[in-house]
Structure formats: C-alpha cells, structure tokens
Amino acid sequence: MKTLTIRRDFLAANSGKRAPMPGFVLLARERADGVADMRIGYTVTKKIGNAVVRNRMKRRLRALARDVLPEIGLPGCDHVLIGRSGGIERDFAQLRADLVKALQKLSR
C-alpha cells in the first residue's frame, strides 16, 4: 500500500464517497487509472489537540489501515482517514469494527 503525500490527491479524495464514523471519517475515491493498487492518506487537524495527541492519533490510524485495508480495502481507490477527537479515547477494537463497517458501506 502506498501513502498519499501530495495535496491534490487529498483534495481529489474529498470529492469521492465519505463514511463518517465516531472516531474518524473515511473518504474513498476510485482513481480510474487502471491500477488496482490501494493508496492511503491520513489527516489529523489541530482541532484534535497538540502535536503529541495528533501524532498518537495518526499512529492509531496507520495501525488500523495496516490491519484492515489489505483484507477488505477497495482496490484501485484512494482512501483517506481523517481523525476525529473521539478516536483517541475509542477502543481499538471499536475503531476496527467502524472501519470495516465504513468500507462495507462504501463498497455498495
């Protein structure tokens, strides 16, 4: 899985489908370039907290994506996980269940 780093990729993903969950928002957009690779990006804003809290949230989102996306991610899509303030206190098993639910919602 490749990581999104270019701003225009994040902006393009924003025009795709979205699935809001209590700990994060999942954005997914099909790339239409014929490549079945999945790409993932992470965003956590300053509204969530200071740098320590934001980095902790990004680490949780990375671990979540490594755990779930290879199994049931949408092939040929860009995925963006936007952290929410409830994601820090939320149990990791609940976050995982939320991501599975969000991916199932977007795959329909």
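Visitor: What makes the contact between R39 and D78 a salt bridge?

Guide: The side chains of R39 and D78 come to 2.8 Å, N to O. A salt bridge needs a side-chain nitrogen of Lys or Arg within 4 Å of a carboxyl oxygen of Asp or Glu, so the pair qualifies. R39 sits in strand β4 (residues 39-43) and D78 in strand β5 (residues 77-83), 39 residues apart. Strands here are DSSP runs of E, at least two residues, and helices are runs of H or I, at least four, numbered from the N terminus. This is a predicted model, where local features need pLDDT of at least 70 and side-chain atom pairs count only at pLDDT 80 or more. Side-chain values use heavy atoms, without hydrogens and water, and residues are numbered from 1 along each chain.

Visitor: Why is D78 called buried or exposed?

Guide: Buried means under 20% relative accessible area, exposed over 50%, and partly exposed in between (1.4 Å probe, protein chains only). D78 has 2%, so D78 is buried. R39 has 21%, so R39 is partly exposed.

Visitor: How do you know that D67 and R96 form a salt bridge?

Guide: Their closest N and O atoms are 2.7 Å apart, which is within 4 Å, so the pair counts. The bridge links helix α2 (residues 51-72), home of D67, with helix α4 (residues 92-107), home of R96.

Visitor: What makes R96 and E71 a salt bridge too?

Guide: The closest N and O atoms of R96 and E71 lie 3.5 Å apart, within the 4 Å limit, so this pair is a salt bridge. E71 is exposed because its relative accessibility is 56%.
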